[in-house]
Amino acid sequence: MNSTITWRKLADGLPDAETNVIVGLNVDGLKTSCEGFISADHLGNEQWYDVCAVPLEHEHVRCWADLPESPL
């Protein structure tokens, strides 16, 4: 069973707060991804986090995609 992942640019909209998504990252030219979410930090500012709630550097986050549905 196959799933299609549709990547979304940040400028095209953000996911709902505290909803896990796949986060597309570019860290010093290394393109990678992780599961994460967006939420407000302790000052109320927009902040991306990985799935373990470790803050991600905002300039590393390039895009996001909904998590694919499980095949089973």
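This is a short dialogue on reading a predicted model, from its sheet to its cysteines.

Q: What should be known about the numbering and the model before reading it?
A: Residues are counted from 1 along each chain as its sequence is written, and side-chain values use heavy atoms, with hydrogens and water left out. The model is predicted: local features need pLDDT of at least 70, side-chain atom pairs count only at pLDDT 80 or more, and totals for chains, interfaces and linings use all residues.

Q: How is a sheet read, and what is the strand order here?
A: Strands of a sheet pair through backbone hydrogen bonds, either parallel or antiparallel. A strand is a DSSP run of E with at least two residues, numbered from the N terminus, and two strands pair if DSSP finds at least two bridges between them. Here five strands form an open sheet in the order β1-β5-β2-β3-β4, with antiparallel pairing. The edge strands, β1 (8-9) and β4 (46-50), each pair on one side only.

Q: How many bridges join β1 to β5, and which residue stands opposite R8?
A: Two bridges join β1 to β5 (residues 61-66), and the two strands run antiparallel. R8 stands opposite W64 in β5.

Q: How many bridges join β2 to its partners β5 and β3?
A: Between β2 and β5 there are five bridges, again antiparallel, with G24 opposite C63. Between β2 and β3 (residues 30-40) there are seven bridges, also antiparallel. In that pairing V23 stands opposite C34, and V27 stands opposite L30.

Q: Which strands form hairpins, and which turn residues have a positive phi?
A: β2 and β3 form a hairpin with two residues between them, and D28 in the turn has a positive phi of about 50°. β3 and β4 form a hairpin with five residues between them, where G44 in the turn has a positive phi of about 90°. The strands of this second hairpin pair antiparallel over five bridges, and the bridge partner of A40 is E46 in β4.

Q: Is β2 mostly covered or mostly uncovered, and how is burial judged?
A: Buried means under 20% relative accessible area, exposed over 50%, and partly exposed in between, using a 1.4 Å probe and protein chains only. Six of the seven residues of β2 (residues 21-27) are buried.

Q: Which residues make up the largest nonpolar core?
A: A nonpolar core is a set of buried Ala, Val, Leu, Ile, Met, Phe, Trp, Tyr and Cys residues joined through side-chain atoms within 4.5 Å. The largest one has eight residues: V21, V23, L25, I38, W48, L56, V61 and W64. The elements that give two or more residues to this core are β2 and β5. β2 gives the most, with three residues.

Q: Is Q47 in β4 buried or exposed, and which residues is Q47 in contact with?
A: Q47 lies in strand β4 and counts as buried because its relative accessibility is 17%. Contact means heavy atoms within 4.5 Å. Leaving aside neighbours within four places in sequence, Q47 is in contact with F37, I38, S39, D41, P55 and L56.

Q: How many salt bridges are there, and which residue pairs with R8?
A: Side chains of opposite charge can pair when their charged atoms come close. A salt bridge is a side-chain nitrogen of Lys or Arg within 4 Å of a carboxyl oxygen of Asp or Glu. By this rule the count is one. R8 pairs with D66, the closest N and O atoms being 3.2 Å apart. The pair links distant parts of the chain, R8 in β1 and D66 in β5, 58 residues apart. R8 is partly exposed at 30% relative accessible area, and D66 is partly exposed at 40%.

Q: How many disulfides does a search of the whole structure find, and where do C52 and C63 stand?
A: A disulfide is a pair of cysteine sulfur atoms within 2.5 Å. The search finds zero disulfides. For C52, the nearest cysteine sulfur is that of C34, 9.4 Å away. C52 counts as exposed because its relative accessibility is 63%. For C63, the nearest cysteine sulfur is also that of C34, at 11 Å. C63 is buried, with a relative accessible area of 18%.

Terms used
Helices (H or I, at least four residues) and strands (E, at least two) are DSSP runs, numbered from the N terminus.
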